[in-house]
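This report describes a single protein chain, from individual residues to the fold as a whole. The sequence and coordinates come first.

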Amino acid sequence: MNTKFNKPISLSLLLAIVSMTFSYSQNSVEITPNPNDSRVITTGVPFMLIAPDARAAGMGDMGVATSVDGFSQQWNPSKYVFSEAKSGLGLSYTPYLSRLVNDISIGYASYFNRLNEQSAVSASFKYFSLGEIRLTQNETDEGIDVKPNEFTFDVAYTLRLADQFAMSVALRYLRSDLAIDQVPNSTARAANSFGADITGYYQSEEEAYNDFNGRWRAGFAIQNLGPKFKYDDGGQENFQPTNLRLGGGFDFIFDQYNKLAVTAEVAKLLVPTPPITGTRIEYQDDNNNGVYDEGDDTLISEDNNYIIEGQSTDVGFLSGVFQSFGDAPGGFNEELKEFTWALGAEYSYQDSFAFRAGYFNESEEKGARKFFALGAGFKYTTINVDLSYLFSASKVQSPLENTLRFSLTFNFGDGTYQEF
């Protein structure tokens, strides 16, 4: 019995295997990379990363590890418990794309108050106006005027955990009203979301060296941690510009009148890197020429968003934070290119006059922002006036190039606290 049925079964199985092998050998795959893929990481509400104050701008857009000032809310509110003033108010206005238009700008206001030796509270409001835009359907349409804008409001609480170290947590509400809702049946709307910052700051006591005294500074900030948002029901979800900042610096205190502060800072967006994508076509190569010929071959499947290298960016914001450290298609070398760095220096005389200079660098593949900056500051009684100017060093023109930026700081109860 066994011999009688074993041969037909074995023969059928062999024929099936041969048939499957022959059929599979006819299938081919063609992958064409997308030539328009960009290596630049993009996010929603990028204005949140723009330096609003002239002091930070004059040192190459840095502030996580510089000494405390009225605008520390933007960079590192942990610094506020090291302020000698009881409270302070900062105001700034920055023209944007001033070489092209005259109604795009960033306004910023911040306030802090030291509750006691150990804690402080602070808040800020940042407003980005894109000016007035006229929308028309055709050349005869009078059109309507719209004023797209974005803003954020945040509050922070800072606690001193040791004599030289403090940490802060900030909570933020953001609104981005860029959607055009004049199209019939459109679901476009203003996008709303929330975020949080976690920061820390260290400032040593003044130490005596051979020819000068000195003080060390260090800081970190994880900024804009929050959920993704979109402008309409079926639209793309946008990451917030979640950002990591690390910095350190040293104050050369030559005497009671002269001080030179040098600072270095690195930053990285904690957002997934766009993968290298392309079109993947699986087909049956009927004419055996190794190329997909439409109409001649049988199409089995087609994927226009096939990931060739890298990882999908369709993840939650927390997963995106961890993924951002190892998802670059170019490996570790490309991950390093995603860090920006800046160097800055500030010379001050009698705490009444300051001169600043800085340099900011970003990889050519990740945005190519490179610029030098100069700045100055003046103090009169309780008022600080700061200004800065940017010189682009890149083939990519900066929106803030050739723009003179001003900011004002009002310190109340100066000298209430003695930190040194």
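## N224 and its surroundings

N224 touches M48, L49, R172, A196, D197, Q240, P241 and T242, when residues up to four places away in sequence are not counted; contact here means heavy atoms within 4.5 Å. The model is predicted, so local features need pLDDT of at least 70 and side-chain atom pairs count only at pLDDT 80 or more, while totals for chains, interfaces and linings use all residues. Residues are numbered from 1 along each chain as its sequence is written, and side-chain values use heavy atoms, with hydrogens and water left out.

N224 is found in strand 11, which covers residues 213–225. Helices (H or I, at least four residues) and strands (E, at least two) are DSSP runs, numbered from the N terminus. With a relative accessible area of 4%, N224 is buried. Buried means under 20% relative accessible area, exposed over 50%, and partly exposed in between (1.4 Å probe, protein chains only). A polar atom of the N224 side chain lies 3.0 Å from the backbone oxygen of P241.

## The largest cavity

A search of the whole structure finds 4 cavities of 30 Å³ or more. A cavity is a set of points, on a 1 Å grid over the protein atoms alone, where a 1.4 Å probe fits but cannot get out; lining residues have an atom within 4 Å of a point. Grid points are joined across faces, edges and corners, and a volume is the space filled by probe spheres set on the points.

The largest cavity has a volume of about 120 Å³. Its lining consists of 13 residues, of which M48, Q74, D154, R172 and N224 lie nearest its centre. Helix 3, strand 4, strand 7 (149–162) and strand 11 are the elements that give two or more residues to this lining. Two of the residues nearest the centre, M48 and R172, are also among the contacts of N224.

## Strand pairing

Two strands pair if DSSP finds at least two bridges between them. The table lists four antiparallel pairs, each with one bridge as an example.

| Strands | Bridges | Example |
|---|---|---|
| Strand 2 (residues 87–95) and strand 3 (residues 105–114) | 9 bridges | P95 with S105 |
| Strand 3 and strand 4 (residues 119–129) | 10 bridges | Y111 with A123 |
| Strand 16 (residues 339–349) and strand 17 (residues 353–361) | 9 bridges | G344 with G358 |
| Strand 17 and strand 18 (residues 370–380) | 9 bridges | G358 with A373 |

Strand 3 is mostly covered, with 7 of its 10 residues buried. A hairpin of 4 residues joins strand 3 to strand 4. Strand 16 and strand 17 also form a hairpin, with 3 residues between them, and Q350 in that turn has a positive phi of about 55 degrees. G358 has a bridge partner in strand 16, G344, and stands opposite A373 in strand 18.

## Residues in loops

T403 sits in the loop between strand 19 (383–392) and strand 20 (404–412). Its relative accessibility is 2%, so T403 counts as buried. Leaving aside neighbours within four places in sequence, T403 is in contact with P95, S98, S388, Y389 and L390. The C-alpha atoms of T403 and P95 are separated by 7.1 Å, although the two residues are 308 residues apart along the chain.

Most residues other than glycine have a negative phi. V45, which is not a glycine, has a positive phi near 35 degrees. V45 lies in the loop between strand 1 (27–33) and helix 2 (54–57), and is buried at a relative accessible area of 2%. D61 also has a positive phi, of about 60 degrees, and is not a glycine either. The loop that holds D61 runs between helix 2 and helix 3 (72–75). D61 is buried because its relative accessible area is 17%.

## The chain as a whole

The chain has 5 helices and 20 strands. Of its 420 residues, 43% count as buried. Among contacts with a separation of 6 or more, 61% are between residues 24 or more positions apart. The accessible surface of the chain comes to about 21,700 Å², and 58% of this surface belongs to carbon and sulfur atoms. Accessible areas come from the Shrake-Rupley method with a 1.4 Å probe; for residues, only the protein chains shown count as cover.

Terms used. Polar contact = N/O pair within 3.5 Å; in protein donor to acceptor, adjacent residues only side chain to side chain. 1 Å grid on protein atoms, 1.4 Å probe; cavity = no way out; pocket = protein on both sides within 12 Å on 5 of 7 lines; lining within 4 Å.
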